[in-house]
Structure formats: C-alpha cells, structure tokens
Amino acid sequence: MKAWVESLKSGLPGKDVSPLQFFGKHGISVAFVVCVVVFSLASSKFLSADNFFTVVMQASIIGTIALGVTFVVIGGNLDLSVGSLLSFSTVLVVDLHDKVDPGMAIVLMFLFTLLIGAVNGYLIGYLRLNSLIVTLGMLSAIQGITLVYTGGKNVDIADQENTWFAFFGREELFGIPVPALLFITLGIILQIVLVKTGFGRKIFAIGGNGTAALFSGLRRNRLVFSTYLLSAFTTGCAALILGSRVMGSQNNVGEGYELLVLAGVILGGTSLLGGSGSIVRTIIGVLILALIQNGLLLLGYPYYTQWLVTWGVIIVAVWLDIAAKRGKLLSTY
Amino acid sequence: MKRIFAIATKQPIWLFVLAITIFFSFSSPYFFDLNNFSNILVQASTIGLIALGMTYVMINGNIDLSVGATVALAASLAVGLQPALGIPGAVCVGLLSGIAIGALNGIIAWKTGVDAFIVTLGAMIGVRGLVFIYTEEQSFYAFDFAYSDFGSSTLFSVPTLALIFIALTILAHLMLKYSVHGRNVFAVGGNRVAAKEAGIRVGPHMLINFILVGFLAALSGILLSTQMGASTPNLGRNYELWAITAVVLGGTRLTGGFGSIIGTFGGVLAIAILRNGMNLLQVPSFYVLIILGSILIIVLIIDKRFAEQQGQGVGA
C-alpha cells in the first residue's frame, strides 16, 4: 500500500511523464476518485460510512473470488469455472448445514471445492492444457454436478434464526459487516503473499515468461497448480458469505460470475497475458464496479444501467493501459 | 486403415458423432428416424449459426463473448418492433443490430488494440444492459402468427430453419476455403505480425469477422424467437460458451490459424445429438452438462497428444 502511494507520487504528470502515461499507470486510481466525487456531488446519500460498507459488502462476493483469480491470471492462465464452482460450493454448504452440522458442512465444502480446484490445477498445471478450454469444460461439468447433487431443487436452511452460520454473511464485527471484513482481510493477506513472498514472485515469473522461469529452476507445474487451489479457496470463502447471507441457494446462483470477476480483475489492470497485476488494484477494480452499481441506483437509474456503464469503463481502462505502453492512442494495424 | 487414422487425427469429432449416432440408434427406438434427424438439425441451428461465425473469429485468433447478448438484442428488437414496423422491418432492424454490435466490437478491437476477449467481455455485459433498457425486463410476444408459423414451416418437407442452417454452413465453408478473405483469416490467425509484414490488412479482416459473427448471432436469435413466438431479455445466456465449445470440439484452436467449418459442424451436431439422444433416453439434462464438459477436456488431451507426436505444440 505504501509502495503504491509512493509510485502514485512519482508518477504525477509533469516534465518526464506525459498525460497518456499518467492515465495508463494510474487510470484506475483516477477512475476510482472520479467515481466517488461524481456520485458524491450527484447524490447526498452516497458519501457515508454506512453506504461505503454497503458497497464493500456488495463487492465482497465477486471481490473475494477475484482475489484468487488474480493469482491465476498473473500466472498466465484463466479461470472460467469459478461461477459454477460458486454455485456448487454454496449449494453444498447450505445443504450440508442441516444434514450434518455447520462446522462439518464448512469443512466438507472446502474439501470438495479444493478438490475441484485441484482437478483444474492438474489439467492445466501438469498436463499443460489450455486453461480457457479446460475451465470452460469444468464450468459446464460443475454446473451439471451441482444439478445432479440437488436433483434440480433449490436448497434452504430450515432454522435460519438460530445458527452461528449466520456470522459470515449477516453479522457485524467492530461495526463492520463480516463479509466486507473477510474480503478486505483476505485481500491484505494475499497482497502480502503476492508482493512480499517468494511464492508471489514466482507466480509473476511463470506468468511473465513460463519457459524462462522453467529453465531458471521454478516448478511451473506446481505453481500453476497452486494458483488454481487458491482461486478455489477464495471461491469457497465467497460461497461461505453467499450461503450465510441468503441461507439458501439456487442451483445456478453463480452463473455468469466468472466473467464479472474477470471484469474486476481486468479493470484492476492485471494483464490477461500474465506476468503483471496486483491484488490492491483488483480490489479497486471490483470496488469501482460496485460503486457504479451503487451510485447509479442511488441516482434512481434501473439496476441494469450499470452494465452499460461497465462496458465503457472496462474498454476505456484497458485501452488507456495499452495506449500508455504503446505510447500511441491508436493501434498500428 | 491409414486413411481412417488420418481422419481420426484431423476430425476426431466426426468419429464421435458417428459413435453416438450408432449408440443412440440401438438404445432408443425413436432416434433413427428422419423426423428426429430434422429435429436435431433445428435444435442445432441456434448454436450452430453462432458457431459458424465464431469459427471465423477464432481461426483469426480472436474470440467473441458478446454473441449471447446479441441473440437477445436481435430477438427483442425483431419481436418488439413488429407492431410499429411490421415483420420485415422489425427483422431487418434486428439483423442490423447484430451487424452494428459486431462492427463496434471489430472497430474497438482494431483501433484500440485491446484484446478481443476483453472487448467482447465488455460488450457481453453492456449489450445485455441495452437489452434490459430496451425491453424494461419485459418479454415480448409476436401477435402476428405469420412470425411463429415461419419457425415451424417446412420447405420440401424439411424444416426451413434446418435448411437455412445447412445452406449457411455450406456458404461459410466455401468462403473460408476458397475466398481471399478466408485465406487471409488463416494467415492473420497463424502469425499476425508475419501477415502484416506480408501486406495483409489485419484490422479489416478482424472487422469483417466480427460483423459476420454479429450478423449470424442476430439471425440465430431471430430464428429462435420465431420458434418460440416470443423473446425474453435473458435469451441467449451462456450461448457464447456453447458456441465456443462447439467450435473447439470441431478442432479449431484458440491460438488461431487452424480450424474448419466442417469440424465446427461436427461439434455442433455432437452437442445436438447428445442432447437429443439423452433426452430420448430420459436421462436428466444435468448429465449432458457433465458429459459435454468432460468431452471438451478429453478432446483437448487427445489433441495435445497428437500435436506432441507430430512435434508441434498446441501452444498457450
């Protein structure tokens, strides 16, 4: 975080830095500030601690998944299966809550979620298959498994009032909603892992140049495998929040989440080619999407207006990023 | 024997189509029947039309995730505007909307240099927003029965929709194989830099392909709405994933430069036959999802093995 503030200072436009480079580097932070300022001016309800926590809470499910997916993307791969996996994990934890007990349900949910992550990781890490197609196949397969498990019926927790399972989605700790707290805490931990540990550096290395990393003695297979375990783990955490908040689950609750998650990751400036990215920026990216949603709703627009705005924001953000690296606004072909 | 092996390595999906056709013919008395076959073709046409365009886009080294939303936009416009414009006018507007979305995607990908995956991911979210803004979350019904009659009409006792699909498949195959554009699509997908150095205009070819897939997605949406006599704002969800699945099953590589319409047609048929056959066997549709997902991964493993034997990596 401190390094990020430092880099922000050093990159201010001036003699050495063109406006294009500035926006390319810090466009996401600028966009975040612009969003906050515009919505604050437009709606008196926007700028309050209460509303801020609402935004973070809304962002928490997609955001928590995006944390793990950021690792996968930095490692040079994609994970499209997280949406289906979220459905599967949520259904599993909610269904097992009544059948065994809450604690056991959570343990089993994480076990099976990590197992699926391991399958992804084995196919992509060890068999070196194309990650987009493998996770596309897994998206379909996991959706099928979920439906087979439930027989097509939605699941519910019978006694919703008297279970400590409500902690993860419905309660507050130190005046902060637990989902927001979980999301931010996990974000801070993973940012430290990514930036301060050897593991994090290795992920950057395999994403930047896999062959070079392999020849330098990094175990690419194992590292890719671990990124998929991580994205499965954060998806499990998101399922915990979602299941606890809703106290029930539809079979397809996570449908389409994989692409919203990717939208947040991409908005945060993580390159789909791998080798660059940051957890902090992913969090900002996800928060911008949630801010747009929240702000437009407060201004009285129907909820689907946010999708239109998101479209523009994603393309402009990535465009500026690329244009800054290229030094020119338009491409050359 | 050698020839069979050659086909198996080049178009393994057709062996699979053959295998499941034989399997379902023996296991269900209703499967091997001309009526059922034309049924399968009609069911296949929705994803199939999109997959034809997607093949071009993917051979070109791009991808289009916005086709599902385009399906909904075109269908909503084509049904919703009927009271105002009449059927021909509304259908034209629907088709134009697909062309417009494709052109927009193509121009953005061309001029900004942003990866097509990101451009169309944005469009997928945004176009769905457009659909909801236009429809205000309402479903539309076609009150003129001529519209839904078209969806169930036949020509020479073959369903019209199946004929349209077959005709466009042949057209797409010929264009990919024998036109200058088709050749350049392979060249650009195989090696974009080399293609550019050789004087091929990379951008316009990308643009044409995005317009093509936009148009075909719109057509698919409109034909789907003639089958239902209605349109819903959530129409076409996940169709992009199904279309990509069909194209990949057909042997087109995500890295570009390799693929065929015949393979895609096989992939589309494989999905449609599986769905139809398992439906006839009264297997819950859930299992189809698992089987399709597994097949996709198995095809990838086989493809990888063959590529390694021939000393060429599948890449990325």
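Begin the tour by selecting α12(A), a helix that is largely enclosed by the rest of the structure, because ten of its eleven residues are buried. This is a predicted model, and what follows should be read as a description of that model.

Colour the buried positions of α12(A) next: they are A:Tyr257, A:Glu258, A:Leu260, A:Val261, A:Leu262, A:Ala263, A:Gly264, A:Val265, A:Ile266 and A:Leu267. Then step just past the end of this helix to A:Gly269, where the backbone takes a positive phi of about 90°.

Keep α12(A) in view and add α13(A), which spans residues 279–298. The two helices pack with their axes 7 Å apart and at an angle of about 120°, and α12(A) and α13(A) are therefore oblique to each other. The crossing in which α12(A) passes α13(A) is right-handed. To see what makes this contact, show A:Ala263, A:Gly264, A:Val265 and A:Leu267 from α12(A), together with A:Thr282, A:Gly285, A:Val286, A:Ile288 and A:Leu289 from α13(A). By residue class, the contact of α12(A) with α13(A) comprises six nonpolar and three polar residues, with no charged ones.

Now bring in chain B and select the contact between the chains, to which chain A gives 38 residues and chain B gives 43 residues. On the side of chain A that touches chain B, at least two residues come from each of α6 (131–150), α12 (257–267) and α14 (305–326), so the helix that opened this tour appears here again. Which helix supplies the largest share of this side of chain A? The answer is α6(A), with 14 residues. In composition, the side of chain A that touches chain B holds 29 nonpolar residues, eight polar and one charged.

Hide chain A and look at chain B as a whole, whose secondary structure consists of 14 helices and four strands. With a radius of gyration of 20 Å, close to the 20 Å that the globule rule gives for 316 residues, chain B is as compact as a globular protein of that length. Its C-alpha atoms fill a box of roughly 60 × 55 × 35 Å along the principal axes, and buried residues account for 52% of the 316 residues in chain B. Among the contacts in chain B between residues at least 6 apart in sequence, 78% join residues at least 24 apart.

Finish at B:Asn39, in helix α3 (residues 34–59) of chain B, which counts as partly exposed because it has 15 C-beta neighbours inside 10 Å. Select B:Ile273 as well: B:Asn39 and B:Ile273 are 234 residues apart in sequence, while their C-alpha atoms are 9.9 Å apart in space.

Conventions. Residues numbered from 1 in each chain as written. Chains lettered and ligands numbered in written order. Predicted model: local features only at pLDDT ≥ 70, side-chain atom pairs only at ≥ 80, totals over all residues. Contact = placed C-beta atoms within 7 Å. Nonpolar A, V, L, I, M, F, W, Y, C, P; charged D, E, K, R; others polar. Buried ≥ 20, exposed ≤ 12 C-beta atoms within 10 Å, placed from the backbone. Rg over C-alpha atoms; globule rule 2.2 N^0.38 Å. Axes fitted to C-alpha atoms, helices over the stretch in contact; angles between N-to-C directions. Parallel < 35°, antiparallel > 145°, perpendicular 65-115°, else oblique. Left-handed = near helix turned anticlockwise from the far one by under 90°.
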